[in-house]
Amino acid sequence: MNKADPSTREMERITWMEFREWVPAKIKTVLLPLGTLEAHGVTANGTDIIAPVAMAKEIAARVSAMVAPVIPYGFTGILDAYPGSFTVPEEAYRVYVRAVLVGLARNKFKNIVMLNGHGGGQTAILSALAQEVGRETNARILVVNWWSFCSDITQDVFGQDGGHAAENETAYVMAIDPSLVRQEDYRPEMATAMPSPNTWSAYPFPSSIMLYKEGQGFPNFDLAQARTYFAKVNDKIARLIEETIKKWDLAGL
Ligand SMILES: [Zn+2]
């Protein structure tokens, strides 16, 4: 075994004795994936779970981190009426995620990185919790909403903007496992442009493929492009984590 690395970076797979050896002496960072179950066009309902879990496993060694077990149930919102989708009440979600963050800090992680797979109200809750728990525990907490943070990569790889369950997210999942995407069920009319604020809203939203820009982001199911996108997104997220930690250290926080 290479002693530069623990036998596993997954917290549910490591023993307490090995964990003690590595955290916090040699590993100070933990990646916490958070998702939800929600309709995603022709991509698996667990896309928001599967994407950040894959991301965490992919970048953990690069950013010298452990990976915490995913928090799969989330605060879904306007798509929870679709079959197989699921939401938990905001209050319950907030208290539960808060307890997980405090638990990670008590396990002596100095840096907690929430890899969030789901937007909307969940993003707001996680940002608020980062501040609250950061103040309370002295852990340094970063929340990453990958699809937003990597919108430049979406432009770069696909030449246009993406969306929810659109080209970008579908590609990311396809790169993880093509069998999670059912191209044969896809029709372009399954997509709707997301309303800009205060123009209109609907519950349930009439499409689970939600385009950020009218006419852009329809999935193209190109596996080679999907793999390029997956790699570039992971590189950018890993860079963000490394730079953020470096700057926290530099500032003496
Ligand atoms: Zn999603």
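**Trp146.** I started with Trp146 in this predicted model and listed what it touches beyond four places in sequence: Ala51, Met55, Asn116, Gly117, Asn168, Glu169, Tyr172, Tyr229, Val233 and Ile237. I then looked up the core around it. Trp146 is among the residues with the most contacts inside the largest nonpolar core, together with Leu31, Tyr229, Val233, Ile237 and Ile241. That core has 44 residues. I asked which element gives the most to this core. The answer is helix H8, residues 223–251, with ten residues. I also noted a second core, separate from this one, with 30 residues, including Phe19, Val23, Ile71 and Met114. As background, nonpolar side chains in soluble globular proteins tend to be buried together.

**Helix H8, Tyr229.** I went along H8 next, beginning with Tyr229, which lies in that helix. Is Tyr229 buried or exposed? Its relative accessible area is 0%, so I entered Tyr229 as buried. Apart from residues within four places in sequence, Tyr229 is in contact with Trp146, Cys150, Ile153, Thr154, Val157, Phe158, Asn168, Ala171 and Tyr172. I checked one of these partners, Cys150, by C-alpha distance: Tyr229 and Cys150 are 9.7 Å apart in space and 79 residues apart in sequence. Trp146 and Tyr229 therefore appear in each other's contact lists, and I have marked the pair.

**Helix H8, Ile237.** Ile237 is also in H8. I read a relative accessible area of 0% for Ile237, which makes it buried. With residues up to four places away left out, Ile237 touches Met55, Ile59, Leu115, Val144, Trp146, Phe149 and Cys150. How far apart are the C-alpha atoms of Ile237 and Ile59? I found 8.2 Å, for two residues 178 apart along the chain. Cys150 is in contact with Tyr229 and is touched by Ile237. Met55 is on the list for Trp146 and on the list for Ile237.

**Helix H8, Trp248.** The last residue I took from H8 was Trp248. Trp248 has a relative accessible area of 16%. Buried means under 20%, so Trp248 counts as buried. Its contacts, neighbours within four places left aside, are Asn111, Arg140, Ile141, Leu142 and Leu253. I took the C-alpha separation of Trp248 and Asn111 as well: it is 9.5 Å, with their positions 137 residues apart along the chain.

**Cis peptide bonds.** I then turned to the backbone. Val23 and Pro24 are joined by a cis peptide bond, with omega about 5°. Pro24 sits in the loop between helix H1 (16–22) and strand E1 (29–34). Val23, on the other side of this bond, belongs to the second core noted above. Tyr203 and Pro204 are likewise joined by a cis peptide bond, with omega about -10°. I located Pro204 in the loop between strand E6 (191–193) and strand E7 (209–211).

**Positive phi.** Ser64 is not a glycine, yet its phi is positive, near 50°. I placed Ser64 in the loop between helix H2 (47–59) and strand E2 (65–67). Its relative accessibility is 31%, so Ser64 is partly exposed. Asn198 has a positive phi too, about 65°, and is not a glycine either. Where is Asn198 found? I found it in the loop between E6 and E7, the loop that holds Pro204. Asn198 reads 83% relative accessibility and is therefore exposed.

**Whole chain.** I finished with the totals. I count eight helices and seven strands. The radius of gyration is 18 Å, close to the 18 Å given by the globule rule for 253 residues, so the chain is as compact as a globular protein of that length. Along the principal axes, the C-alpha atoms fill a box of roughly 55 × 40 × 35 Å. Of the 253 residues, 50% are buried. Among contacts between residues at least 6 apart in sequence, 75% join residues at least 24 apart. The accessible surface is about 11900 Å², and 55% of it belongs to carbon and sulfur atoms. For charge, I noted 24 positive and 28 negative, with their mean positions 11 Å apart.

Key: Residues numbered from 1 in each chain as written. Predicted model: local features only at pLDDT ≥ 70, side-chain atom pairs only at ≥ 80, totals over all residues. Heavy atoms only, no water. Helix = DSSP H or I, 4+ residues; strand = E, 2+ residues; numbered from the N terminus. Rg over C-alpha atoms; globule rule 2.2 N^0.38 Å. Buried < 20%, exposed > 50% of the residue type's maximum accessible area, 1.4 Å probe, protein only. Contact = heavy atoms within 4.5 Å. Areas by Shrake-Rupley, 256 points an atom, 1.4 Å probe, with all protein chains shown as cover. Lys, Arg positive; Asp, Glu negative; His and termini not counted. Charge placed at Lys NZ, Arg CZ, Asp CG, Glu CD. Core = buried A, V, L, I, M, F, W, Y, C linked by side-chain atoms within 4.5 Å.
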